[in-house]
Amino acid sequence: MENHTVKLLEECSTGCRIALNSLKQLQRYAAAPGLRNLIEYNINRHLCLRNEADSLLGQLGRKGKSPCPGTALFTWTTSEMKMMMKKEDSQVAKLIMDGCNMGIQTLSQAINQYSNASVESISLADCIIKTDENLLEEMKQFC
């Protein structure tokens with residue numbers, strides 16, 4: 001059970017870090033005040049969720065995991081290239097929606113893979129998924 005819990009919490013921590021990096025990167029391109037505010041709210045939300053994952057990992061004698069440098073570089077470069085081609089709020093929203101979908105899929109898979117994880121870690125993963133689902137829904141108004 002503890003190994004599954006650690007693995008799931010590491011996925012939560014890493015996923016929140018990726019989300020934070022992407023949201024901070026795209027925030028500077030957002031022109032509409034509503035979009036900027038929504039991004040800011042979700043930066044704070046993902047920061048809290050990451051801290052919770054890291055705290056739970058700390059209780060198990062582990063540390064939060066940063067994304068693989070290759071993944072982080074690929075994500076950053078892809079977003080920059082797409083924003084260079086189309087510097088509009090709709091593009092920001094689409095990139096955030098893509099990120100939300102990836103996060104939802106990754107954590108859903110992790111919950112299934114680490115089904116023996118603690119109830120608390122599964123609950124946190126579900127909360128992150130719901131946060132991403134809500135953000136995805138909110139982004140539709142900017143497409």
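## A pair near the end of α5

The side chains of K140 and E137 come together in a salt bridge, with 3.0 Å from N to O. Let's begin there, keeping in mind that this is a predicted model. How exposed are these two partners, K140 and E137? K140 has a relative accessibility of 43%, so it counts as partly exposed. E137 counts as partly exposed too, because its value is 47% and the partly exposed class runs between 20% and 50%.

## A network around D54

The structure holds 4 salt bridges in total, and some of them share partners: R17, R50 and D54 are joined into one network in this way. Side chains of opposite charge can pair when their charged atoms come close. One link of the network is the salt bridge between the side chains of R17 and D54, at 3.0 Å from N to O. Because R17 belongs to helix α1 and D54 to helix α2, this pair ties together parts that are 37 residues apart in sequence.

D54 also forms a salt bridge with R50, and here the closest N and O atoms are 3.8 Å apart. This second link stays within one helix: D54 and R50 both lie in α2, 4 residues apart, or about one turn of the helix.

Are the members of this network buried or exposed? R17 has a relative accessible area of 17%, so it is buried, since the buried class takes in values under 20%. D54 counts as buried as well, with 17% relative accessibility, and R50 is buried along with D54.

## Two nonpolar cores

Now for the nonpolar side of the fold. In soluble globular proteins, nonpolar side chains tend to be buried together. The largest nonpolar core of this model has 20 residues, and those touching the most other members are L26, L35, I39, V92, I96, L135 and M139. Two or more residues come from each of α1 (2-27), α2 (33-59), α4 and α5 (119-139). Which element gives the most to this core? It is α4, with 6 residues.

Another core lies apart from this one; it has 19 residues, and C12, C16, I128 and I129 are among them.

## L26 and Q91

L26 is a good place to look at contacts in detail. Beyond its neighbours within four places in sequence, L26 is in contact with I39, S79, M83, V92, L95 and I96.

Q91 sits in helix α4, which spans residues 89-113. With a relative accessible area of 11%, Q91 is buried. What does Q91 contact once neighbours within four places in sequence are left aside? The partners are K82, M83 and K86. M83 is thus a name to look for twice, as a contact of Q91 and as a contact of L26. Q91 and L26 are 65 residues apart along the chain, and their C-alpha atoms are separated by 9.5 Å.

## The largest pocket

Rolling a probe the size of a water molecule over the atoms shows where empty space is left. The largest pocket has a volume of about 690 Å³. Its lining is made of 28 residues, of which I18, S22, T75, G99 and M102 are the closest to the centre.

Which elements each supply at least two residues of this lining? They are α1, α3 (69-85), α4 and α5. Sorted by class, the lining has 13 nonpolar, 11 polar and 4 charged residues.

Note on methods. Residues numbered from 1 in each chain as written. Predicted model: local features only at pLDDT ≥ 70, side-chain atom pairs only at ≥ 80, totals over all residues. Heavy atoms only, no water. Buried < 20%, exposed > 50% of the residue type's maximum accessible area, 1.4 Å probe, protein only. Contact = heavy atoms within 4.5 Å. Core = buried A, V, L, I, M, F, W, Y, C linked by side-chain atoms within 4.5 Å. 1 Å grid on protein atoms, 1.4 Å probe; cavity = no way out; pocket = protein on both sides within 12 Å on 5 of 7 lines; lining within 4 Å. Points joined across faces, edges and corners; volume = space filled by probe spheres on them. Nonpolar A, V, L, I, M, F, W, Y, C, P; charged D, E, K, R; others polar.
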